[in-house]
Amino acid sequence: MLRSVALWLEDRLHLAKLFQSTAGHKVPPSTNSWFYVFGSGTLLCFVLQIITGTLLAFVYQPSASEAWASLQYLNNEAFLGWFLRAIHNWGSIFMVAIMSAHLIQTFLFGAYKYPRELTWVSGCVLFLCTLGMAFTGQILRFDQDAYWGLGIGASIMGRVPFIGAQMVHLMLAGSIIAGETLSRFFSLHVFVVPGTIIALLSLHLRLVLNKGINEYPTPGHVVVKETYETQYEDMIKKTGVPFVPNVIGKDLIFSAFLTIAITACALFFGPAGPSGPPNPTLIHTAPKPDFYFLPVFAALSLLPAYMETFLLLGLPVILIAILILLPFYSGTGEKSYRRRPMAVVIVMLGLLTLGVLAYLGTFTPWSPHMEAWSNATTPEAYFQGRSPLELQGAILIQSKQCRNCHSLGGDGGLRGPALDTVATRLTGDQLIRQVIQGSGNMPAYGKNLRPAEVTALVAYMETLRPSYQPAARVASKH
Amino acid sequence: MSESNSDCGCKKAALAKSESAGSVSRRNLLLKIGTGLNAVAGALVGVPLLGYALSSFARTSKTSWITLGSLDKFPEGETRLAVYRNPESKAWDGDTAEIPCWVRRVDAESFQVFAINCTHLGCPVRWFQESRLFMCPCHGGAFYEDGSHASGPPPRGLFQYEHKVESGELKVLGGHLPSLAEPMRKEES
């Protein structure tokens with residue numbers, strides 16, 4: 001009975017033929033490697049995102065007035081709603097991470113070279129689509145960060161030459177962030193971008209079958225256009241093994257661990273946000289993007305203003321072009337990273353740059369600590385033995401909000417230098433000039449401080465040095 | 001096809017050949033008509049669809065004067081947060097319909113109304129009364145009380161709204177997110 005059903009299905013669907021040309025196709029035995037598991041890992045994350053996303057859409061309200069409340073409901077009331085949100089959040093983090101690993105691995109193994117150019121190009125576009133999913137997903141978590149994140153997006157669009165104002169309108173679906181903006185991003189996140197991903201993914205996988213998976217590169221084995229494909233076909237004929245069941249084992253083990261890791265993170269760390277409600281009148285907020293965009297967020301604070309517009313609009317285009325066109329200017333030759341030192345250096349420098357920027361982005365040393373002037377404490381030693389005038393200066397340092405940018409005793413903003421030893425660096429006259437005129441990143445306080453206040457402030461700052469270090473002095477006077 | 005039945009005589013073969021040639025050109029014609037018709041039909045449905053999807057690119061929204069309240073809400077020499085309702089708000093806008101802005105009353109007659117958005121990347125700036133500075137929480141931009149740039153990455157001073165005093169009320173031309181491309185909305189003439 002079972003056998004006849006199987007035979008009937010086989011007759012109608014040609015399953016054996018389908019299997020041979022897809023899952024059972026022959027691959028080089030060298031690809032049975034732990035380095036080759038990231039592609040299927042990314043696919044697993046994507047499937048998980050589709051399933052959890054669909055389930056979240058059972059409850060989520062894509063309306064500016066109700067989205068935030070529906071997320072609260074998911075977090076606190078809906079059965080396992082928090083868990084679904086947590087898996088979707090951690091799934092996205094893992095998807096970006098594993099996809100990056102896949103990109104780096106295929107780059108280092110020369111997989112983009114002849115004849116797999118289109119596989120690389122479609123993969124790069126898939127990577128960009130995934131980042132697009134990350135950004136739009138962050139907007140659907142319609143909270144304060146999402147609201148001001150849209151503001152940041154619009155500000156970037158506003159820098160586009162000639163059609164900036166129109167681009168802002170197109171992005172926001174109107175003059176200002178409102179209900180239609182969220183609906184637009186919902187449509188992008190749920191229909192447009194996932195649809196594009198599915199289409200591109202089909203192409204990506206079709207190309208892997210058409211041109212075969214990249215063999216594990218051996219140093220000295222160079223790609224020559226005239227001979228590569230015949231060599232590859234010969235190798236498959238002689239030594240090729242079916243992907244299922246010979247090679248898929250490592251993919252399965254990796255995918256299982258990946259699922260366990262995502263679930264564990266979801267259980268231990270829970271869902272992300274939502275933070276405060278998306279009410280623009282609640283201005284006591286410090287917006288920050290999700291971790292994927294922290295490096296960009298950090299770079300925007302550290303770069304000089306004159307190159308900002310170029311960095312925001314020009315550099316991404318150039319970098320993406322360099323990445324996508326890689327197989328067209330480096331399509332042959334050595335594949336192994338052991339013979340491509342520059343490739344290794346590029347990956348290491350790239351990761352280092354992103355890592356340092358993301359690290360800085362997590363604690364934003366450039367942002368004033370908005371509450372430091374009323375919250376930050378001062379060590380007792382900083383008051384002892386001071387004259388009434390100097391103590392008056394100590395109060396002014398607090399009340400004039402100096403500490404939002406300057407720390408004392410390790411407490412306060414990091415925007416400007418710490419003031420603990422300021423008297424060893426600046427003389428009294430220099431301190432007066434700095435306070436009144438400002439310079440560099442310091443605003444001028446001349447208009448906001450009475451002369452007596454400046455005197456008290458500077459008198460206090462002149463005491464801020466350790467007893468074992470001399471005060472700064474003017475070289476010309478001695 | 002015609003070569004295979006050589007025993008049927010050349011007349012029949014020639015007939016078959018001319019028939020198949022005729023049907024090929026007829027197929028070509030139908031293919032051409034079909035493609036052309038679909039191009040027309042596609043444009044017929046596609047152009048309006050694109051127009052709908054990209055309509056916000058054309059910026060059709062109107063400006064209108066919105067009141068921020070009576071003048072005595074704003075003491076002379078002070079800077080206060082004011083909130084207005086977006087004149088184009090929809091029923092489903094929720095909290096996002098309430099737009100904040102900073103109002104500085106310079107003296108009895110003159111005002112400055114600043115957008116809440118930092119000119120760097122749009123984050124909400126906060127007013128610090130004691131140091132008389134606006135500070136931005138995102139990348140550390142700072143502005144003086146008259147909105148001019150004091151320090152940090154912002155490329156210009158704070159965005160301002162067009163405003164006027166009418167029948168004891170302060171009114172602004174609001175309802176748009178100012179950006180470097182469109183810093184201020186002007187009244188339509």
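Helices and strands here are runs assigned by DSSP, with at least four residues for a helix and at least two for a strand, and they are numbered from the N terminus. With that in hand, chain B of this predicted model reads, from its N terminus on, as α-β-β-β-β-β-β-β-β-β-β. Put as a tally, chain B has one helix and ten strands. Chain A is another story: 19 helices and two strands turn up there.

Let's take chain A's overall form. Its radius of gyration comes out at 29 Å, while the globule rule gives 23 Å for 478 residues, so chain A is more spread out than a compact globule. Laid along the principal axes, the C-alpha atoms of chain A fill a box of roughly 100 × 55 × 45 Å. The chain is also split into domain 1, covering residues 25-363, and domain 2, covering residues 372-477. Taken over C-alpha atoms, the centres of domain 1 and domain 2 of chain A are separated by 47 Å.

Next come burial and contacts within each chain. In chain A, 35% of the 478 residues count as buried. For chain B, buried residues make up 35% of its 189 residues. As for who touches whom, consider contacts between residues at least 6 apart in sequence. In chain A, 78% of such contacts join residues at least 24 apart. In chain B, the share of such contacts joining residues at least 24 apart is 44%.

Now for some of the strands of chain B. Three of them, in the order S1-S10-S9, make an open sheet with antiparallel pairing. At the edges sit strand S1 (64-70) and strand S9 (163-166) of chain B, each of which pairs on one side only. On average, and ignoring direction, neighbouring strands of this sheet are turned by 35 degrees against each other. In general, the strands of a sheet pair through backbone hydrogen bonds, and they can do so in a parallel or an antiparallel way. Zooming in on one pair, S9(B) and strand S10 (residues 169-174) of chain B run antiparallel and are joined by four bridges. Val165(B), for instance, has Leu170(B) in S10(B) as its bridge partner.

The two chains also meet. Chain A puts 52 residues into the contact and chain B puts in 50. On chain B's side, the elements that give two or more residues are strand S3 (98-105), strand S5 (126-128), strand S6 (133-135), strand S7 (142-144) and strand S8 (149-151). S3(B) provides the largest share of that side, namely three residues. Sorted by class, the side of chain B that touches chain A has 24 nonpolar, 16 polar and ten charged residues.

One residue of chain A deserves a closer look, and that is Ala286(A). This alanine is found in the loop between helix H11 (243-269) and helix H12 (294-302) of chain A. Is Ala286(A) buried or exposed? Neither label quite fits: there are 18 other C-beta atoms within 10 Å of its own, and a buried residue would need 20 or more, whereas an exposed one would have 12 or fewer. That is why Ala286(A) counts as partly exposed. Leaving aside neighbours within four places in sequence, Ala286(A) is in contact with Ser367(A) and, from the other chain, Pro137(B). His221(A), by comparison, is 65 residues away from Ala286(A) along the chain, and 53 Å separate the C-alpha atoms of the two.

Technical notes
Residues numbered from 1 in each chain as written. Chains lettered and ligands numbered in written order. Predicted model: local features only at pLDDT ≥ 70, side-chain atom pairs only at ≥ 80, totals over all residues. Rg over C-alpha atoms; globule rule 2.2 N^0.38 Å. Contact = placed C-beta atoms within 7 Å. Domains from an automatic or database assignment. Nonpolar A, V, L, I, M, F, W, Y, C, P; charged D, E, K, R; others polar. Pairing = 2+ DSSP bridges. Axes fitted to C-alpha atoms, helices over the stretch in contact; angles between N-to-C directions.
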